[in-house]
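Welcome! Let us take a walk through this protein together, one part at a time.

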Amino acid sequence: MASVSGDIWHDNPFPLIPVVRLGPSADLGAAPVEAADSGNATVGTPTLEELSQLVDDYLAERPAGGRRGRTIALVGEFGLGKSHALREVYAALGARPDSPAMWIVDEPAQDMGRMYRDRLRGPGDTSRGRRAFEELVRDYYAYVTANRVGEQGSDPRLGTLDEIAAGLRDRSLDPDKVVSALRYDPEVIHADLRGTLGEVTEHRRFATALALLQEPPFTRMVWRWLNGEEPAEPLRERGITEAIGPSGGAGGQQYAAAGIDRVFDALAVQGFLHGRVGSPYVLLMDSLEKVLDWPEENRRTFVDAFERLVNIYASRGGLLVFCVSPDGLQALRASVHERVVQLWPTGFSERLTGELVAAYVDAGPDRSIPRARRSSGPFGPDALRLLYELTEGVPREVLRTCRQAWQLSEDRHGAVREVTAAAVLEAVSFLHEKVSKREVAADVHKALDLGQWRIASLDPVPARVSSPPDTDEEVLYWLAPAPNTYLAVILTRSVLLAGDAERIAAHVHGLRNAVHPARFEALLVVNGHVSQPMQDRLARSIGSRPLVYRQGPFAQSVDEALRQLGRRLEEVRREEDLVQLGERMRRDLERQTAQLTELRQAMATLTLEARPGAALPRTEPSTPQLTGPVPEAPSEPEQAAADLPGPVRRRFREALAVLDTVTRRVAGRTMTRRSAATPAELGALGCATLVRALTEDFRGSVAAWHRTALRGVPTDDQLSELRRICREYETAVEVLPVHLLGSAGQAHPLTAARTVEVLAEEVWGTLSAATVP
């Protein structure tokens with residue numbers, strides 16, 4: 001519902017491009033600029049209030065020992081209103097009757113010389129600013145000359161140094177008269193700059209320029225040089241041979257680095273002059289993170305020069321405010337962080353989002369509506385709530401969405417009666433679903449080529465299940481990172497409402513159950529918009545975070561996401577294999593326990609038979625009677641393994657013979673002693689019997705594998721399967737107490753334990769060498 005029923009609005013009040021810049025453009029004025037920037041309305045946020053308070057505190061200081069400098073960083077991602085807050089500082093300072101000297105850099109550029117000439121705004125841009133700077137230079141000359149005289153002793157005719165300095169600061173003394181009376185020397189200012197800025201800048205050429213600025217024949221020349229132009233010939237004759245910002249050259253990065261240093265030198269010197277005489281001075285710099293895209297040498301030069309500038313402003317009474325992204329702030333050194341006050345703007349709350357919308361509607365051209373009835377205009381409560389949830393209160397996204405929703409709500413006459421929640425949904429989809437599904441699928445295919453991903457030969461589920469009709473979800477690819485495991489790459493449109501997330505979760509769960517819960521993962525690619533809370537919700541429900549399509553290195557992002565999911569599948573599969581192995585060993589152990597019980601009964605029977613007059617225990621017909629050595633392995637497994645290569649058959653035969661030797665040895669000792677087997681003997685006997693059963697199974701698995709591999713050269717998957725069979729046997733032997741088996745007999749060089757421990761590796765080495773050409 002609309003907030004004010006029956007009202008009609010005309011002319012979209014929201015900006016076409018909601019971006020603020022600090023450069024020399026029309027949006028720096030106080031008057032609203034139609035559809036040009038987001039500066040037509042301001043909402044009081046905690047960050048803006050804190051920033052204003054810091055600036056007011058800086059200007060309010062009037063300490064006798066000099067003003068305390070401040071450096072403030074507005075840190076955050078794009079669209080949070082950092083530039084808007086910086087422009088509010090500019091407007092507030094410019095509106096003061098005692099407006100301080102200000103320099104404005106809308107964004108740094110590698111060609112800092114051109115930026116200095118064409119885009120830097122400073123006191124030299126206006127005649128008023130030039131006059132103020134010339135007066136500042138006279139004050140500075142008077143100040144440093146008075147200090148020099150004070151060091152050499154006061155002149156009784158001129159008064160004490162303290163009186164002169166105080167008169168200069170409170171403007172009760174004329175700087176020109178003071179300079180004339182003290183007979184200043186141009187080298188005085190050079191010496192002062194050398195003493196304070198000697199490690200920062202090329203002080204001599206600035207000292208010369210500032211001295212010549214007081215001479216009418218040179219004033220215009222010096223101003224042109226200070227504004228970035230090449231020095232005139234009279235300046236060259238006096239040692240000023242290069243422009244502050246080089247105007248050209250073929251020096252590549254060295255040329256660019258030199259321009260960066262010279263521009264920051266100029267800013268440092270001009271700011272230092274104000275601080276030396278106690279005047280406030282301000283530098284506003286936007287988009288500092290742009291330097292992250294520069295070549296390494298230029299980026300390093302900029303960071304070094306910027307750090308020097310921060311130190312000058314902090315120690316010499318200046319105010320430096322800059323905007324930067326979190327990554328850009330991280331690129332600065334820890335020493336800079338220690339000198340900077342950090343303010344982190346966040347997305348607007350639901351209340352502030354409504355205030356932002358109302359401020360723009362109220363500032364629009366349709367002012368016939370009484371002010372008492374104005375609020376959020378045609379945006380009703382439901383539309384505002386959905387607007388806040390989908391944009392997360394990011395001001396730039398709020399304004400973009402409002403403009404689009406307004407356009408979608410216009411009738412054929414251009415009138416708007418209501419902007420509904422449905423219009424907001426449609427606006428978000430329109431703004432974020434610019435790329436076609438075909439283009440997204442092409443980038444996903446690039447990711448598969450990049451990672452050499454194997455596409456499944458057959459889809460594990462029918463097409464009607466993987467990509468149901470009348471839905472926005474589609475499985476682009478079924479990948480098989482390992483045998484019997486699947487990765488589904490699913491493409492969907494914007495996920496805006498809870499119902500969208502529930503539908504996607506149900507689809508993914510259906511695929512997971514249709515394949516195998518432990519052998520399936522899904523990568524959801526969203527071609528559109530999905531808020532952070534919705535991303536978190538999807539991650540909890542489908543088991544992996546969705547990947548939102550962005551132009552640029554998207555193929556690399558898909559490849560990395562698939563690799564992480566592939567590693568997760570591998571870990572789950574390994575855990576499942578271990579569980580299956582444990583279950584198999586449990587069954588084998590139960591079977592072995594039953595066999596040991598039968599062996600105890602047989603050994604007891606043999607012992608009683610050996611004693612004269614001993615009564616034989618009655619046994620059931622089904623109880624096995626042990627009347628001699630343990631019989632040889634049945635012939636069926638031996639025949640099944642007949643196709644194995646001779647060396648492999650011999651290794652299995654030797655291992656089984658060793659285990660039989662251990663069994664006969666233990667039984668023979670018991671027979672000779674004519675007593676029941678000891679617990680140690682029973683343990684060795686049980687271990688030998690269990691290892692023999694595992695070895696028989698191992699031989700059967702290897703024989704089955706070999707029959708399959710004989711069809712041709714083994715594939716990578718077949719060799720991986722053979723390696724898995726061998727590792728499974730190795731793992732089983734490792735957990736058994738094979739050290740109890742003792743020796744393997746005089747004819748065998750290895751112990752029984754070592755024989756079975758190396759069996760799997762020998763089988764793998766022999767078979768892999770025999771089957772791979």
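In what order do the strands of the open sheet of four strands come, and how are they paired? The order is 6-7-8-9, and the pairing is mixed. Strand 6 (474–479) and strand 9 (547–548) stand at the edges with a single partner strand each, so one side of each has no neighbour in the sheet. Please keep in mind as you look around that this is a predicted model.

**Inside the four-stranded sheet**

Strand 7 and strand 8 (residues 520–526) run parallel to each other and are joined by seven bridges. If you would like a place to look along this pairing, find Thr492, which stands opposite Val526 in strand 8. A helix belongs to this picture too: helix 21 lies across strand 6, strand 7 and strand 8. The direction of helix 21 makes an angle of about 150° with strand 8.

**A serine in the loop**

Between strand 7 (486–492) and helix 21 (498–515) there is a loop, and Ser494 is found in it. Is Ser494 buried or exposed? Ser494 has a relative accessible area of 9%, so it counts as buried, the cut-off being under 20%.

What does the side chain of Ser494 reach at 2.9 Å? The answer is the backbone nitrogen of His529. The side chain of Ser494 also makes a polar contact of 2.7 Å with the side chain of Glu433. Leaving aside residues up to four places away in sequence, Ser494 touches Ser429, Glu433, Asp500, Val526, Asn527, Gly528 and His529. Val526 has come up already, as the residue of strand 8 that Thr492 stands opposite.

**The five-stranded sheet**

Now for another sheet. This open sheet has five strands in the order 2-3-4-1-5, and their pairing is parallel. Strand 2 (101–105) and strand 5 (341–343) form its edges; each has a single partner strand, so one side of each is left without a neighbour in the sheet. From one strand to the next, the twist averages 15°.

Strand 3 (residues 281–285) is a good one to follow. Strand 2 runs parallel to strand 3 and is joined to it by five bridges. With strand 4, strand 3 also pairs in the parallel sense, here over four bridges. Some of the bridge partners are listed below.

| Residue | Bridge partner | Strand of the partner |
|---|---|---|
| Ala101 | Tyr281 | strand 3 |
| Trp103 | Leu283 | strand 3 |
| Met285 | Phe322 | strand 4 |

How many of the five residues of strand 3 are buried? Five of its five residues are, and the strand is mostly covered. Their side chains are shared between two directions: Tyr281, Leu283 and Met285 point one way, while Val282 and Leu284 point the other way.

Helices take part here as well. Helix 12 (residues 296–315) joins with strand 3 and strand 4 in a right-handed β-α-β unit. Helix 1 (residues 46–60) packs on the sheet, where it touches strand 1 (70–75), strand 3, strand 4 (319–324) and strand 5. The direction of helix 1 makes about 170° with that of strand 1.

**Two residues with positive phi**

Asp11 is placed in the segment before helix 1. Its phi is near 60°, a positive value in a residue other than glycine. Glu392 also has a positive phi without being glycine, with a value near 55°. Glu392 is found in the loop between helix 16 (381–391) and helix 17 (395–409). At 32% relative accessibility, Glu392 counts as partly exposed.

**Stepping back**

Finally, here is the protein chain as a whole. How many helices and strands does it have? Its secondary structure comes to 29 helices and nine strands. The protein chain has 773 residues, and 48% of them are buried. Its accessible surface comes to about 37700 Å², with 51% belonging to carbon and sulfur atoms. Among contacts between residues at least 6 apart in sequence, 70% join residues at least 24 apart.

Key
Residues are numbered from 1 along each chain as its sequence is written. This is a predicted model: local features need pLDDT of at least 70, side-chain atom pairs count only at pLDDT 80 or more; totals for chains, interfaces and linings use all residues. Side-chain values use heavy atoms; hydrogens and water are left out. Buried means under 20% relative accessible area, exposed over 50%, partly exposed in between (1.4 Å probe, protein chains only). A polar contact is a pair of N or O atoms within 3.5 Å; within protein, one must be able to donate a hydrogen and the other to accept it, and residues adjacent in sequence count only if both atoms are side-chain atoms. Contact means heavy atoms within 4.5 Å. Two strands pair if DSSP finds at least two bridges between them. Axes are lines fitted to C-alpha atoms, for helices over the stretch in contact, and angles run from 0 to 180 degrees between N-to-C directions. A crossover is right-handed if, with the strands pointing away from the viewer, the path from the first strand over the helix to the second runs clockwise. Accessible areas come from the Shrake-Rupley method with a 1.4 Å probe; for residues, only the protein chains shown count as cover.
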